[in-house]
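Hi,

Here's the structure I said I'd pass on. Have a look at it first, and then read my notes underneath.

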Amino acid sequence: MVLAEYLIGIICILLFAIFAFKRDALTEEGTLTAIIIGLLVFIFPAAPIHGRIWFSLLAVFFISSFAVTKYGEAAKEAVNKQFAKGSTRDLMQVFANGAGAALVAVIYYFYPLPSVFLAFAAILATVNADTWATELGVLSKSKPFLITSLKQVEPGVSGAISRFGLFASAIGAGLIALSVVLLVYIDQIYFGIAEVFTVIPGGVFNFILFVTFFGIIGSILDSVLGATVQVMYYCKKCKCETERTEHVCGKKTVYLKGIKFFDNDVVNLVSSLMAGVLAFFTFVVMFGY
Ligand SMILES: [Zn+2]
């Protein structure tokens, strides 16, 4: 990578960070975390799939989640207040969505294999699918049901899924998969590097299917973990379940169920890592590397 590319990359990362902070998409600490993740993802991967492609994919995730979060924000305000933290992502939320991607970028520096890149794409497809399902799923007109018991629940409950939410997650995952292919082709046109997809067994079409499939799987895993092990609290005053230790009404909540440190952020991180690992091993078993 030449010096100019480093400079352009770092400027892009800072511009994204300033934009995200100014538009209340990220808190101060969330912005710093995002900058570190952006730098890791941009600097570590080298040939055949360079950091600029990895970072661009991260940018697609950022722009797409920003868009779906802002879309119909007013309509979702009541639901957000009750169950989660609101739409400005803090340190832990950014870490939960970006740590898996950054980790795989560093692994790719040592093992630049197609399967490792696929794991990265699957992780981003999962977090994007999950963001789409979460942000748009609550707008669903029909009541969602719990993924484990299939009982009807209120929108916004962890582990709640709806047909509309599943559709949204498929679009979110598919968007990442398509972006991978487009970005690699654009890179080939501008930089004339070796045909990346000729070294990926199975070809472009299968690659898109793979990434979309594992993004949806990761998003479903997220719902299963959300419905089973995720910690939930109860507000005695409002007589309702919440993910918060202090309810929006100001009253301290009491522990209800789940594993104590397993909050929504940990669920996001674990489900995306699981999707990455599953994608990696499936690819290795099918194609050898
Ligand atoms: Zn309350």
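Below is what I found, starting with confidence and moving on to the helices and a couple of backbone oddities.

Keep in mind that this is a predicted model. The protein averages a pLDDT of 88, and 92% of the residues score at least 70. Among its elements, helix α2 (residues 28–43) has the highest mean pLDDT, at 95, while helix α4 (residues 73–83) has the lowest, at 62.

Helix α5 (residues 91–110) kept me busy. There's a kink of about 45° in α5, centred on G98. As for its length, the 20 residues should span 28 Å at 1.5 Å a residue, and the end C-alpha atoms are indeed 28 Å apart, so the two agree.

α5 also packs on helix α6 (residues 114–137), at an angle of about 170° and with the axes 9 Å apart. That angle is over 145°, so the pair counts as roughly antiparallel. By class, their contact has twelve nonpolar and two polar residues, with no charged ones. On the α5 side you'll find N97, G100, A101, V104, A105, I107 and Y108; they meet V116, F117, A119, F120, I123, L124 and V127 of α6.

Now the backbone. Most peptide bonds are trans, and most residues other than glycine have a negative phi. Two spots go the other way:

- The A47 to P48 peptide bond is cis, with omega near 0°; P48 sits in the loop between α2 and α3 (51–70).
- L150, not a glycine, has a positive phi of about 65°. You'll find L150 in the loop between β1 (145–146) and β2 (160–161).

Cheers

Terms used: Residues are numbered from 1 along each chain as its sequence is written. This is a predicted model: local features need pLDDT of at least 70, side-chain atom pairs count only at pLDDT 80 or more; totals for chains, interfaces and linings use all residues. pLDDT is the predictor's confidence in each residue, from 0 to 100. Helices (H or I, at least four residues) and strands (E, at least two) are DSSP runs, numbered from the N terminus. The expected span of a helix is 1.5 Å times one less than its number of residues. The bend at a residue is the angle between axes fitted to the seven residues ending there and the seven starting there. Axes are lines fitted to C-alpha atoms, for helices over the stretch in contact, and angles run from 0 to 180 degrees between N-to-C directions. Angles under 35 degrees count as roughly parallel, over 145 as roughly antiparallel, 65 to 115 as roughly perpendicular and the rest as oblique. Two residues are in contact if their C-beta atoms, placed from the backbone, lie within 7 Å. Ala, Val, Leu, Ile, Met, Phe, Trp, Tyr, Cys and Pro count as nonpolar, Asp, Glu, Lys and Arg as charged, and the others, Gly among them, as polar.
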